[in-house]
Amino acid sequence: MKIIAVNKSASFEYFIEEKYEAGIVLEGNEIKSLRQGAVNMNDSFCFLRGNTLSVKNMHVALYDKSDAFSTKDTRRDRKLLLHKSELSKIAGKINRQGYTLVPLKLYFKDSLVKIEIALCKGKHTYDKKQSIAERDVKRDTERAIKNAGF
């Protein structure tokens, strides 16, 4: 499994409840661009319309050697592939309980591109401050252990 991109802001902005692995529908030149690592997932999110799940606002850069007939829209909606049972479970939680669906990482699994999506609940500002404080404490303890020579 080779990781292509990670949405680092997702773990800071949301409480991650459940994770799912989904396939993603891409074009040939987008695959080549992903192999170069030219993707940005920072402001991307997933939405459910009818029976289809799509990821929106994920930037995949244009492949520089592609032909003139290739897709020029780098932030187009890309369809996600999940089983119907998973889709219905996600739809129920999003509609009733106030969850959000956020992409976490994009990776190659064998020769296929997979995306890890998660059902999340949003954090409040005090939760974000607490996670920053925990991160600082963890960094300080690791630095102290490193300097102590253990």
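User: How many helices and strands does the secondary structure of the protein chain come to?
Analyst: This is a predicted model. From the N terminus on, its elements run β-α-β-α-β-β-β-β-β-α-β-β-α. The total comes to four helices and nine strands.

User: What box do the C-alpha atoms of the protein chain fill?
Analyst: The chain has 150 residues, and 37% of them are buried. Along the principal axes, the C-alpha atoms fill a box of roughly 60 × 40 × 25 Å.

User: Among contacts between residues at least 6 apart in sequence, what percentage join residues at least 24 apart?
Analyst: Contact here means heavy atoms within 4.5 Å. Take the contacts between residues at least 6 apart in sequence. The share that joins residues at least 24 apart is 69%.

User: In what order do the strands of the open sheet stand?
Analyst: Seven strands form this sheet, and the pairing is antiparallel. Neighbouring strands are turned by 40° against each other on average, direction ignored. The order is β1-β8-β9-β2-β7-β5-β4.

User: Which strands are the edge strands?
Analyst: An edge strand pairs on one side only. That holds for a strand at residues 2–6 and for another at 45–49. They are β1 and β4.

User: Over how many bridges do β8 and β9 pair?
Analyst: β8 covers residues 100–109 and β9 covers 112–122. The two form a hairpin with two residues between them. Pro-103 stands opposite Ile-117 in β9. The antiparallel pairing of β8 and β9 runs over nine bridges.

User: What is the bridge partner of Ala-5 in β8?
Analyst: β1 and β8 pair in the antiparallel sense. Four bridges join them. In β8, the partner of Ala-5 is Leu-106.

User: How many of the residues of β8 are buried?
Analyst: To count as buried, a residue must have under 20% relative accessible area. β8 has 10 residues and is mostly covered. The buried ones number seven.

User: Which residue in β7 stands opposite Gly-23?
Analyst: Strand β2 spans residues 14–24, and strand β7 spans residues 78–81. They pair in the antiparallel sense over two bridges. Opposite Gly-23 in β7 stands Leu-81.

User: Is Leu-80 buried or exposed?
Analyst: Leu-80 is found in strand β7. Leaving out residues up to four places away in sequence, Leu-80 touches Ala-22, Gly-23, Ile-24, Cys-46, Leu-53, Ser-54, Val-55, Ile-115 and Ile-117. The cut-off for burial is under 20% relative accessible area. Leu-80 has 4% relative accessibility, so it counts as buried.

User: How many Å apart in space are Leu-80 and Ala-61, C-alpha to C-alpha?
Analyst: In sequence, Leu-80 and Ala-61 are 19 residues apart. In space, their C-alpha atoms are apart by 19 Å.

User: At what angle does helix α2 run to β8?
Analyst: Helix α2 takes in residues 28–35. This helix lies across β1, β7, β8 and β9. Its angle to β8 is about 80°.

User: Which helix lies across β2, β4, β5, β8 and β9?
Analyst: The helix in question covers residues 84–97. It runs at about 150° to β2. This is helix α3.

User: Is Asp-110 buried or exposed?
Analyst: Asp-110 lies in the loop between β8 and β9. Its phi is positive, about 60°, although Asp-110 is not a glycine. The cut-off for exposed is over 50%. At 79% relative accessibility, Asp-110 therefore counts as exposed.

User: What phi does Asn-57 have?
Analyst: Asn-57 sits in the loop between β5 and β6. At 24% relative accessibility, Asn-57 counts as partly exposed. Although Asn-57 is not a glycine, its phi is positive, at about 70°.

User: What volume does the largest pocket have?
Analyst: The lining of this pocket is Lys-8, Ser-11, Phe-12, Lys-123, Ser-131, Ile-132, Glu-134, Arg-135 and Lys-138. By type, these divide into two nonpolar, two polar and five charged residues. The volume of the largest pocket is about 160 Å³.

User: Which element gives the largest share of that lining?
Analyst: Two elements give two or more residues to the lining: α1 (8–13) and α4 (125–148). The largest share is five residues, and it comes from α4.

Note on methods. Residues numbered from 1 in each chain as written. Predicted model: local features only at pLDDT ≥ 70, side-chain atom pairs only at ≥ 80, totals over all residues. Heavy atoms only, no water. Pairing = 2+ DSSP bridges. Axes fitted to C-alpha atoms, helices over the stretch in contact; angles between N-to-C directions. 1 Å grid on protein atoms, 1.4 Å probe; cavity = no way out; pocket = protein on both sides within 12 Å on 5 of 7 lines; lining within 4 Å. Points joined across faces, edges and corners; volume = space filled by probe spheres on them. Nonpolar A, V, L, I, M, F, W, Y, C, P; charged D, E, K, R; others polar. Buried < 20%, exposed > 50% of the residue type's maximum accessible area, 1.4 Å probe, protein only.
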